[in-house]
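Visitor: I'd like a close look at one part of this model, the packing in its interior. Could you walk me through it?

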Amino acid sequence: MDQADRLRNIIKKQDLSPERTRTAKVITVTSGKGGVGKSSLSVNLAIQLSRLGKRVVIFDADFGLANIEIMLGMHPKYNLADVMYHGKRIKDVITCGPENIGFISGGSGIHELTNISRDQVFSLIHKLEELDRLADIIIVDTGAGISDTVLEFVAASEEVLLVATPEPTSVTDAYALMKVLNRRTAYKLDRTTVRLVANQVREEWEAEDLFEKLGAVARRFLDIEVEYLGAVPYDKNMQRAVMHQNPVSVCRPDAKSARALKRIALLLEDPLSLEEEHGGIAKLFASVIRMKFMK
């Protein structure tokens, strides 16, 4: 039995552990290209969901760029690598953000997932179960584009928010992401809900047109049903907030972009109940690690 087989066995046993309790709802936010406001949307949705009484943690899975910590003006002392290699618990690496949200930096830990040992896999998944108990909602902010890491997180997710703008290149790249994702054997149509957020729209018709174009081609050629979650208007207040590393939901809560994000948060929160069954972040990471070792 090689290392990959041993790791798959330990992950399977962890999935079936009778000690598992209620798990967090995980929402993976992604985009086909950079510059569409994905990370800003993740931060502001976390704040809006926290205001609705949910315990929210953002997990920055964008290895190398660290967009979330830049947007929040934070410099985390620890990251996921410290959980994997230096004995830290999950609660030790959660940085407190605005409006009571939590933030975890993936750091080099995302890149190192293929290099960890059997015991480290078991330890990491066990520690991530603690995060499932600490949070009601975990927002995973992926990198942009169609890298292997992005596709692995999206394929392993139960709920995906696909962020796109009305620009033709954004629509094309969003479709390209879904096309490549659909070719992955680990991706299951009946297991993942894909919901579109139209960002930086100047007119309502732009959002409707974006959804019709993207939804139609995804349905026809990929057999993927994309749900429309809502639109966030282009707002100079949002741009200024990003420049000042202060989320628009905090510095300008009455701005039109902040109000739109609140409406989207309400849609995300409405069907949620603490008793509802969710896979959780531990199961998501187990699936991601399994995919890496199946290559």
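**Around a buried serine and the core**

Guide: Sure, and keep in mind that this is a predicted model. Let's start at Ser105: setting aside neighbours within four places in sequence, Ser105 is in contact with Asp60, Glu69, Pro76, Asn79 and Leu80. Ser105 sits in strand 4, which covers residues 102–105. With a relative accessible area of 8%, Ser105 counts as buried, because the cut-off for buried is under 20%. The Ser105 side chain also reaches the backbone nitrogen of Gly107, at 3.3 Å.

Leu80 is a handy stepping stone from here, since besides being in contact with Ser105, Leu80 is touched by Phe285. Leaving out residues up to four places away in sequence, Phe285 touches Phe59, Ile110, Leu113, Leu124, Leu128 and Phe153 as well as Leu80.

That brings us to the largest nonpolar core, which has 57 residues. Phe285 is among the members that touch the most other members, together with Phe59, Leu124, Ile138, Met178 and Ile281. Helix 12, residues 280–293, gives the most to this core, with 8 residues. There's also a second, separate core of 32 residues, including Leu72, Ile101, Val197 and Ala255.

For a contrast with that buried serine, hop over to Lys179 in helix 7, which runs over residues 168–182. Lys179 is partly exposed, at a relative accessible area of 37%. Lys179 and Phe221 are 42 residues apart in sequence, and their C-alpha atoms are 8.6 Å apart in space.

Technical notes. Residues are numbered from 1 along each chain as its sequence is written. This is a predicted model: local features need pLDDT of at least 70, side-chain atom pairs count only at pLDDT 80 or more; totals for chains, interfaces and linings use all residues. Side-chain values use heavy atoms; hydrogens and water are left out. A nonpolar core is a set of buried Ala, Val, Leu, Ile, Met, Phe, Trp, Tyr and Cys residues joined through side-chain atoms within 4.5 Å. Buried means under 20% relative accessible area, exposed over 50%, partly exposed in between (1.4 Å probe, protein chains only). Helices (H or I, at least four residues) and strands (E, at least two) are DSSP runs, numbered from the N terminus. Contact means heavy atoms within 4.5 Å. A polar contact is a pair of N or O atoms within 3.5 Å; within protein, one must be able to donate a hydrogen and the other to accept it, and residues adjacent in sequence count only if both atoms are side-chain atoms.
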